Amino acid sequence: MGEPMIRSSMTRRQFGARVLRAGWWSLALTGIAAAWASVRFFWPRTSYTPPTRFLAGRPEDYGPGEVSLRYLESHRVWVVRGDGGIFAIVARCSHLGCRPNWFAEERRFKCPCHGSNFDAEGRVIAGPAPRPLKRAAVSLTPEGQILVDSADQAEHADAVRDPSFLVPLAEGPRRPSAEAHGRARDEGAAASEASFSGHRWKGDLA
Ligand code: FES
């Protein structure tokens, strides 16, 4: 008669321990969930879109007629050295916005979506694209670097008349004079960075 009573009392104790353990677990999980919610709340919601202004090397880095794919993935532009100078073509088809591919042997951009063709200047060779590819603004920094601003775009017809969309080769790369160099040194490194004064650019560099 005594043994079953002992068993029954042990079972009750075990049951109590289990309930206690379950309580601790649920408390711990609630704490973890609350901590995660706090982290999510305070975590900065940063956008990692690539900067629209970037340096694209020097004009002499580009060979005659070169269509460079160097900045295609990162900034969605081709930097091109044409007869008149360096310009940047926006990699977005004027039909429905697909990204054309450059075929160097044929010297054509071909759109994979509906077959439009463009020449190396971005002009339409075959439709259905209604207009040439757009251009992005380019300028030369005092240090002789090409500065591309892919946010500043223009239709081809406007861009070819606007000096903001071409870095001419005839002048050659502009280098800062010794005097300008000295001034920049005096103003310190930070001021030197901010002293880029491409005629369209006033902000920080990418
Ligand atoms: S999106 Fe390029 S041809 Fe249609």
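Okay, one term before we start: two strands count as paired if DSSP finds at least two bridges between them. Keep that in your head, since I'll be talking about bridges a lot. Here's a case of it: Arg-135 stands opposite Ala-154 in strand 10.

Now, what are we looking at? This is a predicted model. The protein has 206 residues, and 24% of them are buried. As for secondary structure, there are five helices and eleven strands. And if you take the contacts between residues at least 6 apart in sequence, 51% of those join residues at least 24 apart.

Let's go to strand 9, residues 135–140. Is strand 9 enclosed or open to the outside? Six of its six residues are buried, so strand 9 is largely enclosed by the rest of the structure.

Who pairs with strand 9? On the one hand there's strand 10, joined to strand 9 by six bridges, with the two running antiparallel. We've already met Arg-135 and Ala-154, and you can also find Ala-136 opposite Gln-153 of strand 10. The two strands form a hairpin with five residues between them, and in that hairpin Gly-144 has a positive phi near 85 degrees.

On the other hand there's strand 4, which is antiparallel to strand 9 and linked to it by two bridges. Here Ala-88 stands opposite Ala-136 of strand 9.

Strand 10 has another link too. Strand 1, residues 53–55, is joined to strand 10 by three bridges, again antiparallel. Look for Leu-55 there: its bridge partner in strand 10 is Leu-147.

Next, the largest nonpolar core. It has 28 residues, and the ones touching the most other members are Val-77, Val-79, Ala-88, Ile-89, Val-138 and Val-148. Where do core residues come from? Strand 3, strand 4, strand 9 and strand 10 each supply at least two. Strand 4 gives the most, five residues.

Let me zoom in on Ile-89, one of those well-connected members. Which residues does Ile-89 contact, leaving aside its neighbours within four places in sequence? They are Val-77, Trp-78, Val-80, Gly-122, Leu-133 and Arg-135. Yes, that's the Arg-135 that stands opposite Ala-154.

Then there's Phe-87, which is found in strand 4. Why do we call Phe-87 buried? Because 26 other C-beta atoms lie within 10 Å, and the cut-off for buried is 20 or more. Not counting residues up to four places away in sequence, Phe-87 touches Val-80, Gly-82, Arg-135, Val-138, Phe-165 and Leu-166. The Phe-165 contact is a fun one to find on screen: Phe-87 and Phe-165 are 78 residues apart in sequence, yet 6.1 Å apart in space, C-alpha to C-alpha.

Last stop, a separate bit of sheet to look at. There's an open sheet of four strands, in the order 5-6-7-8, with antiparallel pairing. Which strands stand at the edges? Strand 5, residues 101–103, and strand 8, residues 124–126; each has a single partner strand, so one side of each is left without a neighbour in the sheet. Inside that order, strand 6 (residues 108–110) and strand 7 (residues 117–118) are joined by two bridges and run antiparallel. If you want a pair to click on, try Phe-109, whose bridge partner in strand 7 is Phe-118.

That's my tour, thanks for listening!

Technical notes:
Residues are numbered from 1 along each chain as its sequence is written. This is a predicted model: local features need pLDDT of at least 70, side-chain atom pairs count only at pLDDT 80 or more; totals for chains, interfaces and linings use all residues. A nonpolar core is a set of buried Ala, Val, Leu, Ile, Met, Phe, Trp, Tyr and Cys residues joined through C-beta atoms within 7 Å. A residue is buried if 20 or more other C-beta atoms lie within 10 Å of its own, exposed if 12 or fewer, and partly exposed in between; C-beta atoms are placed from the backbone. Two residues are in contact if their C-beta atoms, placed from the backbone, lie within 7 Å.
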